[in-house]
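Welcome! Please take a moment to look over the sequence and the 3D structure before reading on.

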Amino acid sequence: MISPIIIGLLVGENNPAYYMYGFLAAGIGMLLGLVIFILGKNKYLVDPEGGAVGDVPNHQYDPDNCNDQTLTWVEKQRIMVIVILAFFGIFFWAAFEQAGVSLTFLAEQHVDRVITAINFTIPAPWFQSVNPLAILLFAPFFAALWLKLKDKGKKPSIPLKMSGGLLMLSVGFMILVFASKTLDDGASISPLWLIVAYVLFTFGELCISPIGLSMVSKLSPARFTCLLMGIWFLTNAFANILAGQLSALYPDPTQPTPYILGIPINSFTSFFMIFVVMSIIAALILFLMRKRLETMMHGIE
């Protein structure tokens with residue numbers, strides 16, 4: 001939440017000569033994190049008796065004690081659920097990561113960022129703080145909501161939560177579609193449009209990211225947890241590649257009109273509709289698949 005504010009002050013906008021100060025700030029932040037870890041680990045990372053947590057690594061290989069058991073049918077089905085849900089995560093993150101590219105261009109070029117009362121222009125990078133701030137504010141409410149629904153016997157399944165996350169994402173982009181009429185007319189929009197969209201993206205993220213990490217740890221066989229967690233993050237890598245390809249469709253009157261599936265992307269309306277349609281279709285398919293996936297999870301909630 002703090003880092004975009006710092007970067008906005010240090011680097012500003014479109015100042016490549018100052019990028020080095022951004023990397024310097026990131027390095028200082030990492031060093032501060034390391035210092036906090038070193039100073040606090042012996043006090044806070046302990047067992048109930050105050051002893052150190054974890055075991056000393058043993059790198060000696062004993063083939064007689066090697067656990068190479070064949071996966072059971074239940075384990076294979078649970079792994080398949082992880083792969084399927086990770087695949088749907090690609091569509092979420094490809095749209096969500098527009099925040100760091102096309103939506104930052106939007107904030108810089110087409111959002112009225114001037115606070116006339118104090119004669120201050122909000123740096124475009126500061127809008128990146130909306131998402132982490134919304135996480136801090138709303139994560140407790142989502143956590144309480146899941147617990148309350150569980151107590152009532154109405155707790156949604158993991159696939160249903162993720163489907164809802166994709167739907168919330170589409171609603172966030174639909175907000176930007178409503179603002180596109182003003183953008184396509186060449187006028188600037190209020191920053192509230194972008195803030196509301198980011199908050200809705202965060203609602204979707206709270207149904208996808210923590211749920212997905214928990215899902216991998218619950219469904220994967222213990223001996224494959226690290227590998228399958230890596231696959232979960234690998235799909236995030238694919239999503240960022242796709243996000244970059246889609247951000248290249250950002251409307252630019254100085255460039256030739258791009259097309260996707262034969263449809264010209266020549267306005268902000270058509271550009272944002274890409275993500276509305278993509279996330280709604282993914283949400284609908286996942287919703288329709290949820291019962292089958294729940295069966296394949298074999299009792300894991």
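Here is a short tour in four topics, from the core to the loops.

This is a predicted model. Its largest nonpolar core has 70 residues, and H7 (191-219) gives the most to this core. Two helices that lie alongside each other, H3 and H6, come next, followed by one buried valine and two residues with positive phi.

**The nonpolar core**

- The residues with the most contacts inside the largest core are Leu106, Met162, Phe173, Leu194, Phe201, Met215 and Phe272.
- Seven helices are listed as each supplying at least two residues: H3 (73-96), H4 (102-110), H5 (130-151), H6 (158-184), H7 (191-219), H8 (225-247) and H9.
- With 14 residues, H7 gives the most to this core.
- Take leucine 106 as an example: beyond residues up to four places away in sequence, leucine 106 touches Val111, Leu183, Leu194, Tyr250, Phe268 and Phe272.
- As background, nonpolar side chains in soluble globular proteins tend to be buried together.

**How H3 and H6 pack**

- The axes of H3 and H6 come within 10 Å of each other and cross at roughly 20 degrees.
- Angles under 35 degrees count as roughly parallel, so H3 and H6 are roughly parallel to each other.
- The crossing in which H3 passes H6 is left-handed.
- On the H3 side, the residues that meet H6 are Leu85, Phe88, Phe91, Phe92, Ala95 and Phe96.
- Their partners in H6 are Ile158, Pro159, Met162, Gly165, Leu166, Leu169 and Phe173.
- Sorted by class, this contact has 12 nonpolar residues, 1 polar residue and no charged ones.

**Valine 276, a buried residue in H9**

- Valine 276 is found in helix H9.
- Its relative accessible area is 1%, and buried means under 20%, so valine 276 is buried.
- Apart from neighbours within four places in sequence, valine 276 is in contact with Ser170, Phe173, Met174 and Val177.
- Valine 276 and lysine 43 are 233 residues apart along the chain, and their C-alpha atoms are separated by 48 Å.

**Two residues with positive phi**

- Asparagine 119 lies in the loop between strand S1 (114-115) and strand S2 (120-121).
- Phi of asparagine 119 is near 55 degrees, a positive value in a residue other than glycine.
- Asparagine 119 counts as exposed because its relative accessibility is 69%, and the cut-off for exposed is over 50%.
- Histidine 298 lies in the segment after helix H9 (268-296), and phi there is also positive, near 50 degrees.
- At 32% relative accessibility, histidine 298 counts as partly exposed.

Terms used: Residues numbered from 1 in each chain as written. Predicted model: local features only at pLDDT ≥ 70, side-chain atom pairs only at ≥ 80, totals over all residues. Heavy atoms only, no water. Buried < 20%, exposed > 50% of the residue type's maximum accessible area, 1.4 Å probe, protein only. Core = buried A, V, L, I, M, F, W, Y, C linked by side-chain atoms within 4.5 Å. Contact = heavy atoms within 4.5 Å. Axes fitted to C-alpha atoms, helices over the stretch in contact; angles between N-to-C directions. Parallel < 35°, antiparallel > 145°, perpendicular 65-115°, else oblique. Left-handed = near helix turned anticlockwise from the far one by under 90°. Nonpolar A, V, L, I, M, F, W, Y, C, P; charged D, E, K, R; others polar.
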